Amino acid sequence: MTRQLIKNGQVSENRKARYSYSIEDTIEAGLSLTGAEIKSIRYGLVTIVDGFVQRRGRDLYLAGIEIQKLPTAARIVNFDERRPRQLLLHRAQINRLIGKLQEKGATIVPLKLYFNNRGKLKVLLGIGYGKNKFDKRETIKQREWNKSKARILKG
């Protein structure tokens with residue numbers, strides 16, 4: 001396997017989320033995973049771009065992320081690559097997020113997937129609202145202006 005094993009640090013980032021949503025607040029959560037899924041994530045075989053949080057009863061689940069199987073372990077361990085994974089949060093945090101989800105236009109999307117300094121997998125969730133086309137154009141203009149400003153100051 002030619003991929004680098006990730007011990008600590010960022011595994012995956014959803015840059016599309018900050019473009020498509022105006023993020024108001026962030027919260028860190030754990031994920032309930034199996035051993036084979038963790039091993040695949042350590043090798044970077046995960047995509048969180050299409051991820052979102054959904055409510056099932058009293059719990060919250062992260063759906064839409066894809067954890068690919070390791071080619072070396074595919075025969076031994078079988079797991080569903082796109083199954084919803086339960087978020088590990090305190091009850092007060094879950095209730096707060098459920099309240100946010102019930103607001104009109106609100107959504108919760110994963111921004112980053114990373115291992116903290118203790119080696120635990122965490123997901124940074126962003127609570128936000130969808131941007132209109134106009135807002136997206138403003139984001140692009142602001143980014144272009146920051147780039148040109150940096151060039152001017154450097155030169």
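**Strand pairing, helix packing and ring contacts in a predicted model**

Beyond residues up to four places away in sequence, T107 touches Y21, L101, G126, I127 and G128. This residue belongs to strand 8. T107 counts as buried, because its relative accessibility of 17% falls under the 20% limit. The structure described here is a predicted model.

The pairing of strand 2 was examined next. Strand 2, spanning residues 21-31, runs antiparallel to strand 9, which covers residues 121-130, and nine bridges join the two. Within this pairing, D25 has I127 of strand 9 as its bridge partner. I127 also appears among the residues touched by T107. Strand 2 is further joined to strand 7 (residues 85-88) by two bridges, again in an antiparallel arrangement. Here L31 is matched with L87, its bridge partner in strand 7.

Helix 3 comprises 12 residues, from 91 to 102. The distance from its first C-alpha to its last is 17 Å, close to the 16 Å expected at 1.5 Å a residue. Its buried residues are I94, L97 and I98. These residues lie on the same side of helix 3, because they cover an arc of only 105° around the axis. The packing partners of the buried residues are strand 2, strand 4 (52-56), strand 5 (59-63), strand 8 (106-115) and strand 9. Strands 2 and 9, joined by nine bridges, are thus both included among the elements against which these helix residues pack. L101, which lies within the residue range of helix 3, is one of the residues touched by T107.

A further set of contacts involves strand 1, which covers residues 9-13 and contains Q10. Q10 has a relative accessible area of 38% and is therefore classed as partly exposed. Apart from its neighbours within four places in sequence, Q10 is in contact with K112, L113 and Y114. The C-alpha atoms of Q10 and F115 are separated by 6.4 Å, although the two residues are 105 residues apart along the chain.

Aromatic rings were considered last. F115 has R42 lying over its face, at 4.1 Å from the ring centre. A second arrangement of this kind involves R56, whose charged end sits over the ring of Y61 at 5.1 Å from its centre. By contrast, a search of the whole structure for aromatic pairs finds zero.

Key:
Residues numbered from 1 in each chain as written. Predicted model: local features only at pLDDT ≥ 70, side-chain atom pairs only at ≥ 80, totals over all residues. Heavy atoms only, no water. Phe/Tyr/Trp six-rings, centres within 6.5 Å; stacked < 30°, edge-to-face > 60°. Lys NZ or Arg CZ within 6 Å of the ring centre and 35° of its normal. Pairing = 2+ DSSP bridges. Helix = DSSP H or I, 4+ residues; strand = E, 2+ residues; numbered from the N terminus. Expected span 1.5 Å × (residues − 1). Buried < 20%, exposed > 50% of the residue type's maximum accessible area, 1.4 Å probe, protein only. Arc of directions from axis to C-beta. Contact = heavy atoms within 4.5 Å.
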